[in-house]
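Please examine the sequence and the structure shown below. The report that follows considers helix packing, aromatic rings and the general make-up of one chain.

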Amino acid sequence: MYNALIMPVLADKIFYFLTFVALLSALLVVFSKKPMHSVLFLIITFFCLSGHYVLLNAQFLAAVNIIVYAGAIMVLFLFTIMFLNLKNEEEDKRSAITQIIATVSGGTLLVLMVAVLRQTEMNLVANREPISNVGLVESLGKVLFRDYLLPFELASVLFLAAMVGAVMLGKRDPGDKVI
Amino acid sequence: MDLEIIKTIPLEHYIYFSTALFCIGIIGVLMRRNALIMFMCVELMLNATNLLLTAFSAYNGDASGQVFVFFIMVVAAAEVAVGLAIVVMIYRNSRSTDIGLLSKLKW
């Protein structure tokens with residue numbers, strides 16, 4: 001099925017625009033002072049990644065990314081920030097030497113990875129013809145419920161464990177002080 | 001039948017983009033002290049992996065990669081639920097989300 005959403009000429013321009021916005025807002029997540037701004041920039045990053053999924057014709061993942069990440073997880077973050085009333089975090093930053101070390105180590109990893117990946121020859125695409133309807137709900141549901149049925153059911157056990165854990169951790173004992 | 005993006009954008013660009021996003025997440029985890037922001041940077045790293053898996057899946061014509069992304073999202077949701085409960089508990093005890101306070105767990 002041809003991806004009718006994207007004009008052929010515009011595809012690369014949209015790709016580079018989304019990449020630029022995603023990287024910029026990811027940097028702003030790390031460097032913004034207030035936690036609330038970080039959450040909002042992270043939501044922008046998630047929307048850009050959903051745009052990337054649409055470009056790759058993975059419509060199911062684009063929808064799930066919006067619903068689960070930008071919807072559920074970010075609302076949880078926002079709820080926690082408002083609940084704890086975190087406003088200004090002026091002394092949030094670590095010492096200067098730690099910041100420099102953090103940036104240098106992260107940048108070194110980036111340079112190393114790019115240098116290694118430039119040397120790598122990736123000819124796995126040549127093996128198979130790209131099929132564009134892989135990411136649609138129909139084909140993905142067939143794979144999920146045929147080949148990955150057991151992991152899917154185990155994920156529900158994981159959710160149950162996480163739910164019980166979150167309730168147990170968040171429960172207030174009678175002697176605790178009220179926030 | 002082919003996708004336009006696969007013809008115009010090489011797979012390497014997706015790999016470089018995901019690597020950059022992952023490294024930004026690592027820098028954030030190492031640099032910030034607020035536990036909530038560290039969690040957000042972990043989410044950033046998970047999303048970089050998700051995008052890479054999706055790109056490989058789309059370029060290779062194999063749906064398994066996108067199913068894996070689905071499971072990563074499941075695990076991320078569970079992780080955030082438990083992690084934020086822990087953050088709230090830490091805040092209740094120490095009035096701060098600074099993870100430096102947790103260094104007293106050492107002794």
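## Two helices in contact

In this predicted model, helix H1 (residues 11–31) of chain A and helix H2 (residues 35–55) of chain A have axes that come within 8 Å and cross at roughly 155°. Because of this angle, H1(A) is roughly antiparallel to H2(A); the cut-off for that description is an angle over 145 degrees. The crossing of the two helices, H1(A) and H2(A), is left-handed.

Which residues of H1(A) and H2(A) make the contact? On the side of H1(A), they are Ala11(A), Ile14(A), Phe15(A), Leu18(A), Thr19(A), Val21(A), Ala22(A), Ser25(A), Ala26(A), Leu28(A) and Val29(A). H2(A) contributes Ser38(A), Phe41(A), Leu42(A), Ile44(A), Thr45(A), Cys48(A), Gly51(A), His52(A) and Leu55(A). By residue class, the contact of H1(A) with H2(A) consists of 14 nonpolar, 6 polar and no charged residues.

## Aromatic pairs

Over all chains, the count of aromatic pairs comes to 9. One of them joins Phe15(A) and Tyr16(A), whose ring centres are 5.2 Å apart. The planes of these two rings stand at 80°, so the pair is edge-to-face, since planes over 60 degrees apart fall in that class. Is each partner buried or exposed? Phe15(A) has 2% relative accessibility and therefore counts as buried, whereas Tyr16(A) is partly exposed, with a relative accessible area of 41%.

A further pair is formed by Phe79(A) and Phe83(A), with ring centres 5.8 Å apart. Their planes lie at 5°, so this pair is stacked; the cut-off for stacking is under 30 degrees. Both Phe79(A) and Phe83(A) belong to helix H3 (residues 59–84) of chain A, where they are 4 residues apart, about one turn of the helix. Phe79(A) is exposed, with a relative accessible area of 55%, while Phe83(A) counts as partly exposed at 40% relative accessibility.

## A cluster across two chains

Phe15(A), which also takes part in the contact between H1(A) and H2(A), belongs to a cluster of rings. Ring pairs link Phe15(A) and Tyr16(A) with Tyr14(B) and Tyr59(B) in this cluster.

## Chain A as a whole

How many helices and strands does chain A have? Its secondary structure comes to 6 helices and 0 strands, and from the N terminus on the elements run α-α-α-α-α-α.

Chain A has 179 residues, of which 32% count as buried. Among its contacts between residues at least 6 apart in sequence, 61% join residues at least 24 apart.

How values were computed:
Residues numbered from 1 in each chain as written. Chains lettered and ligands numbered in written order. Predicted model: local features only at pLDDT ≥ 70, side-chain atom pairs only at ≥ 80, totals over all residues. Heavy atoms only, no water. Axes fitted to C-alpha atoms, helices over the stretch in contact; angles between N-to-C directions. Parallel < 35°, antiparallel > 145°, perpendicular 65-115°, else oblique. Left-handed = near helix turned anticlockwise from the far one by under 90°. Contact = heavy atoms within 4.5 Å. Nonpolar A, V, L, I, M, F, W, Y, C, P; charged D, E, K, R; others polar. Phe/Tyr/Trp six-rings, centres within 6.5 Å; stacked < 30°, edge-to-face > 60°. Buried < 20%, exposed > 50% of the residue type's maximum accessible area, 1.4 Å probe, protein only.
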